[in-house]
Amino acid sequence: MSTTSRLQARDLRLAYGDVTVTEHLDVDVVDGAITAIIGPNGCGKSTLLRALGRLLRPAAGQVLLDGRQIDRAPTREVAKIVGVLPQSPVAPEGLTVADLVMRGRHPHQSWFSQWSRADEGIVAEALRWTDMIDLADRPVDALSGGQRQRAWISMALAQGTDLLLLDEPTTYLDLAHQIDVLDLAARLHRELRRTVVMVLHDLSLAARYADILVAMKDGRIVVSGPPQEVLTPQLLADVFGLRALVVPDPATGTPLVVPLPR
Amino acid sequence: MVVTVLPRAPRKTGDAVTALPLPGRVVLRAGPVSAAVPLRAIVVGVLALALALSLAVISVGRGEFPIPPGAVWDVLNGEGTRAQQHILLQLRMPRVVCALLVGAALAMSGALTQTFARNPLASPDVLGVTGGAAVGAVAAIVLGGITGGILGVPFAALLGATVSAALIYVLAYKRGIDGYRLVLVGLGVGEVLSAIVSYLLVRADLVDAKQATIWLTGSVSGRDWSNVRPLAAALLVLAPLAVAAAVALRVLQFGDDTARALGLRLQTAQLAVVAIAVALAAAAVSAGGPVEFVAFVVPQIALRLCGGSRPPVIVSGLLGALLVVGADLAARIVVAPRELPAGLLTAMIGAPYLLWLLLRGTRRTIA
């Protein structure tokens, strides 16, 4: 696995107004890997993801994309390299799946070039790749939760970015659809060599799908590394206050968290 | 920069690409220019334009000195009698052209603001344009007297609209612009402005008050080319800008985070959209008064006729022109030989039509 990093955070302090969420954060997003950010509610993991995707301006420190400060770069240029899916994004009523995925081409379009042949080809591929082509004419609000998430990932795919940041892509989905979405993320990584960063809640699924886990607590990164090294009973106690066994996942051999009663 | 990263997707334009069938859409491509336009929008737009122009021809023909449509065509080609030329070109055309342009500008303005705020209530009336214009115009009429005020009314309205809209934008700004906050601040300021208008009306004498009330309803009666020219010039600049702003709105309607993730410069885009919408509404109101309901109702009618996820800007403009020119014609027919302000009729025609569309439609929310 390569250890280069195009997206980095340096001594980051993130705040909403006067309320500091995190301080002194350093992150190197490993290229071509799947990174999952885990941690209890309110630990700052979504905030970190938003900052990495330049949706939140750091109060101090820097986010660097290809060595350049991300909020100094033209946002349209950044949008050709980094795609971000916010938590539970909302599509306006009446929007079809095709409309949604077409919007992924926005950073590549100008006001006079709205539907070039290249746009059309890339959108068609994105729809096909996410298995949404048959639903292209359906309104997004008529889809099931899992299909809707696939539609949004399809849009991010049409954006054609090397890096993809997903904020809790499995929230509100039943287990089967969670697996669907995570399989899709794994294919993005495996077949298209995308770098994927996701905020996830389910620790065992995070361990199964991610190459690297970043565990956060109270705005700090406690530990990061391969799932086998990160997911230990000690860490679960320290970070989540959870008593648990960690056993090898019978299906994949990755760490499986078995919570114990308190 | 290499844009395409998908495995089977084209590496550059010109390669063979996978086609994506888009039912109900017409793909237009010419050189670097390309667009996928919904067929329904084209049909509705063409019909609205044809109807609006037909009504305009009928409208200029009506009056004490009737001119049949054929003669109207002759006059436009430089023929016809001198009397016909004078009546048509100097007396009746400005009024009808004014109606077309006022309707188009108000409706486009409403389409922009409703999409921007993701809220159908966010028409220019709420954004402070109308209220500010009303204060300016009524003050000019009441304080300046009719004769002194007439020349100054359009300008006073323009000034009032611009100042109040700017004030509301500044008051609503809090680490960016939020649609709901904008609507609430607009409603608050609007109440204050309408209180000022009431005060001015109460202390006005009867003639001024009647004049002001007609202005407040919205009317294109008695307009000449000096009223139409500034509005036409404004539309020439603002209409293309509004169409360009619609491109940003397509992304903006996903919410701030997604819009920025897709590379939109959020604050610049928001300010630009509001500025274009306010300028359109201010230009329209200063020429025709706050013709009621057009900016609110027409974009919603356009949305329901065309489908899609937001009011279409161009079709809204064409339907707005149709509504106001039709209302102005009706306003001269129903109580002929007297006439009503067009603004009375736009509400009476537009509102029931929207209600009918709402009742038979499946759309849960608006905008």
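# Exercises on a predicted two-chain model

In strand 5 of chain A, the residue that faces A:Leu65 is A:Arg68. The exercises below start from this pair, and they concern a model that is predicted.

**Exercise 1. Work out how the strands of the open sheet in chain A are ordered, and which of them stand at the edges.**

Begin with the link between strand 4 (residues 60-65) and strand 5 of chain A, which run antiparallel and are joined by two bridges. Next, place this pair in the whole sheet, where four strands of chain A follow the order 2-1-4-5 with antiparallel pairing. Strand 2 (19-29) and strand 5 (68-69) of chain A each have a single partner strand, so they stand at the edges and one side of each lacks a neighbour in the sheet. Finally, add helix 1 (residues 45-52) of chain A, which packs on the sheet by touching strand 1 (7-16), strand 2 and strand 4, and whose direction makes about 120° with that of strand 1.

**Exercise 2. Check whether the length of helix 4 of chain A agrees with its number of residues, and decide how far this helix is covered.**

Helix 4 of chain A (residues 117-129) has 13 residues, which at 1.5 Å a residue should span 18 Å, and since its end C-alpha atoms are 18 Å apart, the two agree. As for its surroundings, the helix is mostly covered, with 11 of its 13 residues buried; among them are A:Ile122, A:Val123, A:Leu127 and A:Trp129, together with the acidic A:Asp119, A:Glu120 and A:Glu125. The cover over these buried residues includes helix 3 (97-103) and helix 5 (145-158) of chain A. Just beyond helix 4 of chain A comes A:Asp131, whose phi is positive at about 65°.

**Exercise 3. Describe the overall build of chain B, and test its radius of gyration against that of a compact globule.**

Chain B contains 13 helices and two strands. A compact globule of 367 residues would have a radius of gyration near 21 Å, and the 22 Å of chain B therefore agrees with that expectation. Its C-alpha trace spans about 75 × 50 × 40 Å along the principal axes, and buried residues make up 52% of the chain.

**Exercise 4. Characterise the side of chain B that touches chain A.**

Count the contacts from both sides: 43 residues of chain B are in contact with 42 residues of chain A. The elements of chain B giving two or more residues to this side are strand 2 (33-38), helix 8 (225-252) and helix 9 (256-261). By type, the residues on this side of chain B comprise 23 nonpolar, 12 polar and eight charged.

Methods: Residues are numbered from 1 along each chain as its sequence is written. Chains are lettered from A and ligands numbered from 1 in the order in which they are written. This is a predicted model: local features need pLDDT of at least 70, side-chain atom pairs count only at pLDDT 80 or more; totals for chains, interfaces and linings use all residues. The radius of gyration is taken over C-alpha atoms; the globule rule is 2.2 Å times the number of residues to the power 0.38. A residue is buried if 20 or more other C-beta atoms lie within 10 Å of its own, exposed if 12 or fewer, and partly exposed in between; C-beta atoms are placed from the backbone. The expected span of a helix is 1.5 Å times one less than its number of residues. Two residues are in contact if their C-beta atoms, placed from the backbone, lie within 7 Å. Ala, Val, Leu, Ile, Met, Phe, Trp, Tyr, Cys and Pro count as nonpolar, Asp, Glu, Lys and Arg as charged, and the others, Gly among them, as polar. Two strands pair if DSSP finds at least two bridges between them. Axes are lines fitted to C-alpha atoms, for helices over the stretch in contact, and angles run from 0 to 180 degrees between N-to-C directions.
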